[in-house]
Amino acid sequence: MNDDLTIPRCMSTQHPDNANLPSFAAGAMLTTEEEIQEAFYAFSELGCDEQMWDHEGKEGDEFVVSKLLTRHSPFFKKKKLGRDVFLTIRVPNPAREPGTAKVLLEILESIPRSFDMAREFYRQDIVPVFEIILPMTTNALELNRIQSYYHDFVAGKADQPIQAGDIKLKEWVGDFSPRDIRVIPLIENRPSMLAADRIVKEYLRGKDLPYVRVFLARSDPAMTYGSTSAVLLIKIALHRLHQLERRLKIPLYPLVGVGSAPFRGNFTPTNIKENLHGYPSVQTFTIQSAFKFDYPKDLVRSAVAQIKKSPRKPPIPVDNEAALLHIIDKIAANFTRQVRALTPLISHVAGFVPSRRMRRLHVGLFGYSRSVGGKRMPRAISFCASFYSVGLPPELLGLAILSFRWKPPFKQEEAVP
């Protein structure tokens, strides 16, 4: 395993939130082949140090490693995949997406093949893929199942005989490396976010890991509880993870899945300073498609460089969790009532939002296939686009339930007539 690593700061993703098309796109929707070019573009032109390769809700190319190395050999000879730049695969969660559960097994089987390709390319043992992202994680058992399956049934079968009395599998097709992988929990709902520290602590039990990465979603909690509630949940989770890190003395590196629309995070090349200030303990930020393609390339490249050179700091302390949870619950209840009333309009408008990538229907959370008032809601990006199109910023939803008590900054007798 490549343990002597710098943990990435900028993860390019395939979220289809862009209005403009990249120069290498032949049509309105990026194909899988064009996504390979996109990964190279993110590394070589924008300076991103990580690419999420997404198999959740879409078809991803399992030969991405070999295609990147062979098509862009000069770059990857200088920037080693797995040491200088990183490819991290997001897989389907079998517990939430049974229809694509076996895709997970196919992806795990592809990891040793990618290692063989990289070893041949670099003439040394460099593991190009060693971490995967599990979406909708709710407990450590889900993470341990994947890690155990890979160790025992993928890498572990190398020592098994092909048949009784025959040679071992590794003597026939070669060894299976790496021997182990790591799983990054992608945590997306309120109960799991508030239990993020417990999930990580349980995942670490019995393991000697140099660090753990923890992925906190931003869009899907906003779709379920409102944008302000999502921000507050992340603040609490980051504070608790920091406390756990101090107790265990094991580095924990949070990721936050921020998009460019205000409802999805307001993370743009022009808003880097504010996000670094708001999430000082976050190690990795997602560089989604709107960030990459809806702004001038020089501005994007400069923003990525700014993130990479900015030091990580302790999180904003949370002194009164009970008060924040009360606010979260109030906003979430009102948010749900308002969205339910607006569902017919938003669902209608969403049908006119153009697609940017080939995708299947995502299942599991409110913004994907959950019904509200008997109506199915659109995906998070179409949800945002629809609200902004009709002139109602969705980040305002739910806030009307809050009361505001203003205290004058001066004594009453000092007031100017």
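Let me start with two helices in this predicted model: helix H5, which covers residues 140–155, packs against helix H8, residues 196–204, at an angle of about 35 degrees and with their axes 8 Å apart. Those are the two values to note, because two packed helices are described by the angle between their axes and the distance between the axes. The crossing of H5 and H8 is right-handed. If you look at who makes the contact, you will find Ala-140, Leu-143, Asn-144 and Gln-147 on the H5 side, and Ile-199, Glu-202 and Tyr-203 on the H8 side. Sorted by character, the residues of this contact are 4 nonpolar, 2 polar and 1 charged.

Now let us turn to the strands. In what order do the 8 strands close into a barrel? The order is S1-S2-S3-S4-S5-S6-S7-S8, and the pairing is parallel. On average, neighbouring strands of this sheet are turned by 30 degrees against each other, if direction is ignored. To take one pair, strand S6, residues 212–217, runs parallel to strand S7, residues 252–257, and 6 bridges join the two; here Arg-213 stands opposite Tyr-253 in S7.

My last topic is the nonpolar cores. In soluble globular proteins, nonpolar side chains tend to be buried together. In this model the largest nonpolar core has 88 residues, and Phe-76, Leu-108 and Ile-132 have the most contacts inside it. Helix H10, residues 227–248, gives the largest share of this core, namely 8 residues. A second core, separate from that one, has 13 residues, among them Phe-335, Met-377, Ala-380 and Phe-383.

Conventions. Residues numbered from 1 in each chain as written. Predicted model: local features only at pLDDT ≥ 70, side-chain atom pairs only at ≥ 80, totals over all residues. Heavy atoms only, no water. Pairing = 2+ DSSP bridges. Helix = DSSP H or I, 4+ residues; strand = E, 2+ residues; numbered from the N terminus. Axes fitted to C-alpha atoms, helices over the stretch in contact; angles between N-to-C directions. Core = buried A, V, L, I, M, F, W, Y, C linked by side-chain atoms within 4.5 Å. Buried < 20%, exposed > 50% of the residue type's maximum accessible area, 1.4 Å probe, protein only. Left-handed = near helix turned anticlockwise from the far one by under 90°. Contact = heavy atoms within 4.5 Å. Nonpolar A, V, L, I, M, F, W, Y, C, P; charged D, E, K, R; others polar.
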